[in-house]
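This report describes the fold of a single chain, from its overall layout to individual residues. The sequence and structure are shown first.

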Amino acid sequence: MRRLQDREYEKLLDLALEKIPKVKSSKDRFEVPEPDVVVMGNRTVLRNLGEIAGAVNRRADKLMKYLLRELGTAGNLEGSRGVFQGKFGKSTIQDRVNRYVEEFVLCPVCGKPDTQIVKQGRIHMLKCEACGARSPIGGA
Ligand SMILES: [Zn+2]
């Protein structure tokens, strides 16, 4: 008897779990576009910086600023492309983009990307739309 009940419960649970991905919005299928990186002479161009920033719901200039700081170089935004002085491999750029996402996009509490950056006094906080958590950014 008990076993039967457990089975029923499991079935229901399976059904419930199956339904979750369908019900949730596309935002939950969170994917950062792969960086499209080309080295041109002494410069490195991230051709889809705008697209990446859009995917994580952040401004391209903010992402650019972060990348410049992390890469320790100069550069500028040309339309939706990021142009960096120096040669950087795709994996280097990817690594920095991942760090940016971890630091400035994903909620440290629930791991969802539905966040906003808000200012609380002089501190920038990551405010999560999904779970309501507010977390200081980057421990800084
Ligand atoms: Zn959250």
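## A leucine in the core

The model described here is predicted. Leu 49 provides a convenient point of entry: beyond its neighbours up to four places away in sequence, Leu 49 touches Ala 60, Leu 63, Met 64, Ser 80, Arg 81 and Gly 82.

Leu 49 also belongs to the largest nonpolar core, which has 13 residues; together with Ile 52, Leu 63 and Ile 93, it touches the most other members. Two or more residues of this core come from each of helix 2 (49-55), helix 3 (60-71) and helix 4 (90-104).

## Overall architecture

The chain contains 4 helices and 7 strands. Their order along the sequence is α-β-β-α-α-β-β-α-β-β-β.

Of the 140 residues in the chain, 16% are buried. Among contacts with a separation of 6 or more, 40% join residues 24 or more positions apart.

## The four-stranded sheet

Which order do the strands of the four-stranded open sheet take? The order is 1-2-4-3, and the pairing is antiparallel. Strand 1 (37-40) and strand 3 (75-78) occupy the edges; each has a single partner strand, so one side of each lacks a neighbour in the sheet. From one strand to the next, the twist averages 20 degrees.

Strand 1 is paired with strand 2 through 4 bridges, in the antiparallel sense. Within this pairing, Val 37 has Leu 46 of strand 2 as its bridge partner. Helix 3 packs on this sheet, where it touches strand 3 and strand 4 (81-85), and the direction of helix 3 makes about 155 degrees with that of strand 3.

## The three-stranded sheet

A further open sheet consists of 3 strands in the order 5-6-7, again with antiparallel pairing. Its edges are strand 5 (115-120) and strand 7 (134-136); each of these has a single partner strand, so one side of each is left without a neighbour in the sheet. The twist here averages 35 degrees from one strand to the next.

Strand 5 and strand 6 (residues 123-128) run antiparallel and are joined by 6 bridges. Thr 115 stands opposite Cys 128 of strand 6, while Gln 116 has Lys 127 in strand 6 as its bridge partner. The hairpin formed by strand 5 and strand 6 has 2 residues between the strands, and Gly 121 in this hairpin takes a positive phi near 65 degrees.

## Packing of helix 3 against helix 4

Two packed helices are described by the angle between their axes and the distance between the axes. For helix 3 and helix 4, the axes come within 10 Å and cross at roughly 120 degrees. Helix 3 is therefore oblique to helix 4, since an angle counts as roughly perpendicular from 65 to 115 degrees and as roughly antiparallel over 145.

The crossing of helix 3 and helix 4 is right-handed. On the side of helix 3, the contact is made by Leu 63, Tyr 66, Leu 67, Glu 70 and Leu 71, and on the side of helix 4 by Arg 96, Arg 99 and Tyr 100. Leu 63 thus appears both in this contact and among the core residues that touch the most other members.

## Two loop residues

Where does Arg 47 lie? Arg 47 is located in the loop between strand 2 (43-46) and helix 2. Arg 47 has 16 other C-beta atoms within 10 Å and is therefore partly exposed, the class that lies between 12 or fewer for exposed and 20 or more for buried. With neighbours within four places in sequence set aside, Arg 47 is in contact with Asp 36, Val 38 and Arg 81. Its C-alpha is 7.6 Å from that of Pro 35, a residue 12 positions away in sequence. Arg 81 is also touched by Leu 49.

Asn 57 is in the loop between helix 2 and helix 3. Most residues other than glycine have a negative phi. Asn 57 is not a glycine, yet its phi is positive, at about 60 degrees. Asn 57 counts as partly exposed because 13 C-beta neighbours lie inside 10 Å.

Notes. Residues are numbered from 1 along each chain as its sequence is written. This is a predicted model: local features need pLDDT of at least 70, side-chain atom pairs count only at pLDDT 80 or more; totals for chains, interfaces and linings use all residues. A nonpolar core is a set of buried Ala, Val, Leu, Ile, Met, Phe, Trp, Tyr and Cys residues joined through C-beta atoms within 7 Å. Two residues are in contact if their C-beta atoms, placed from the backbone, lie within 7 Å. Two strands pair if DSSP finds at least two bridges between them. Axes are lines fitted to C-alpha atoms, for helices over the stretch in contact, and angles run from 0 to 180 degrees between N-to-C directions. Angles under 35 degrees count as roughly parallel, over 145 as roughly antiparallel, 65 to 115 as roughly perpendicular and the rest as oblique. A crossing is left-handed if the near helix is turned anticlockwise from the far one by less than a right angle, and right-handed if clockwise.
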